[in-house]
Amino acid sequence: SPLVASIASMDMGRLLRDHVFVDFFNTFLNLPVFGQTPIYISGMGRWYLWPELPSHLDPSPAALLAWLEKHRLPHFCKSSLCLHLVLCQKLLGFIRSVEAAELLNWQSADQWLLGRCISGSHGMRHFRAFVQGTAGEELIDFWLIIERLLDLDESDRSQRDLFLSLVHRLRATHLREGSSVITLCTTTGAGDEHCPPREVVFPGYSQGGSLPKAKHIQSISTRREILSKMQEQALFMIQSYWLPKFFMHCKMGMEEEESCQPLLQEYQERLSQASWQEPPGLSEPFPTMHIKRRQGVSGPYCSLKTKAEMWALVKEGRDTQEVKMATFQVKPERQPGPAGRTEELYLDKDALGSIPQQSEHPANTAFGGKRGVTFPGRPQSSAEQDLENLCKEKIFSDLLPSASLAQLPSLKKPVKTLDFLPWALSAEACAGRPFRDFLQCQNRSMETHLLDLWHDLEEFLPVVLDSSRENSFFLRHLIGEKICKTYLEEDSFEKLPLDTRTVVSLWNHLMCGEFSPWIFRAQKEICKLLCCLYEEFLADDDRTFLQFMVRGM
């Protein structure tokens, strides 16, 4: 994708001037697979680090940006969050365009309000929740898969597995006759006749996963053109049909929400002035970037220890809001500091984004799922609402970077890495697979293979448990057979170091596309085998971060 390539090559300082990018990037940075999970409050130019650095270190923002650019941004560009950022930018571009105003009879006030509703990861998650279970969900999934697919080089063997995985997924779902995509997004071939998508787009790909034969190489550009046109048509359907429906849903929902009345009042004021435009020269200058230090850490810097302490709070059933409110004061009440001082923290509007709720495969969404908010269309109207939504999230609600463990009661008993490893691996699927890259750099081929199996099993679960998905029957058989042929056959890769009963039971159920509790048993065995390596991954992340911080002093 040209937009993803542009993000990857852009200076980090420039990227952080885009509030939409900051919202998605904050969500990414706080995925609990990582060791250091900073957060950026763009309205104040303020960074919070978690864990905090030892008290004798005073890092510069330049060093932090250099570390982010080298060790976080490349993974972000490979993540599904980045694909959602690209889609969000395209939707916002359409909403603000003259074309949208003419096509949908929108006034500038309508465009402003809808832009507020859908902007950022929070807004995109609400939009995904709104279209869930409809053709709109299928169109968005298709657009995301094609965006990832067109960015891959099918002749590059290092990208072959991902490419073929996406191809087979398309053939089993969106390019199957009768699907929403085929029904709504027609494409034309030579002579302007309708092309049978499965055969025309991917004629040279077998279910076994072989690369295209030489006679099909010349049709690669044609296939890409067809897919690109279908993707454009899917995007147009999303923009012209589902966005207006979402807009109406948002307005009706906001009328019933007391907290949204100021936003509606501003909307009505803009609506009453047909030629209303943003006053010139009122945009605030970007504040000087700095790193906020709350209290120094006396012991050695160790993200694993801090992560374990925080996870222990969750294990004890403690309200995670207690963790955040210990330091995050949204309203201007005074709060005692660690040395008797008082400190305040004012969060700017739209500073914090929402958080992915579940794991996903590389082309899927971090925003789907039946767990969600009561009103999907509510925009981020205040910092209080942002923080409230942030506190409600389950997958890593204990990871807000400014949380001060020193102000919390002592823990009854520590937890082990194995206790929170599944939680971290689920987040890795949203994070561009940094742990997998670490294993590959360490030449741990078997462990990489096991990690891939863990993620494929994780991908299989929501498909087999949700029969309402379009073409879920074909998809669950596709994923089940893929798992069996890739990992469980006797001649596959290497013999897995898993219990024989586990492997046999998985084979018996997955070949039939059936759910089995042995999936959880297999994932638990894999976590035990990967536990020590994940600790090494965190230690390596810590070393790299400290090197940048010390070098930048």
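Start your tour at His174, which sits in the loop between helix H11 (160-172) and helix H12 (180-184). Keep in mind as you go that this is a predicted model.

With His174 selected, is the residue buried or exposed? His174 counts as buried, because its relative accessibility is 4% and the cut-off for buried is under 20%. Now display its surroundings. Leaving aside residues up to four places away in sequence, His174 touches Glu138, Asp141, Phe142 and Ile145. Its other contacts on that basis are Arg169, Ser179, Val181 and Ile182.

Next, select Trp50 and Pro51 together and look at the backbone between them. What kind of peptide bond joins Trp50 and Pro51? The bond is cis, with omega at about 0°. To place it in the fold, follow the loop from strand S2 (46-48) to helix H4 (61-71); Pro51 lies in that loop.

Move on to Asn105, in the loop between helix H7 (98-104) and helix H8 (108-118). Check the backbone here: phi is near 55°, a positive value in a residue that is not glycine. Switch on the surface and you will find Asn105 exposed, with a relative accessible area of 67%.

For the last stop, select Arg433. Look for this residue in the loop between helix H20 (417-428) and helix H21 (434-441). Arg433 is not a glycine, yet its phi is positive, at about 60°. Where Asn105 is exposed, Arg433 counts as buried, at 17% relative accessibility.

Notes. Residues are numbered from 1 along each chain as its sequence is written. This is a predicted model: local features need pLDDT of at least 70, side-chain atom pairs count only at pLDDT 80 or more; totals for chains, interfaces and linings use all residues. Side-chain values use heavy atoms; hydrogens and water are left out. Helices (H or I, at least four residues) and strands (E, at least two) are DSSP runs, numbered from the N terminus. Buried means under 20% relative accessible area, exposed over 50%, partly exposed in between (1.4 Å probe, protein chains only). Contact means heavy atoms within 4.5 Å.
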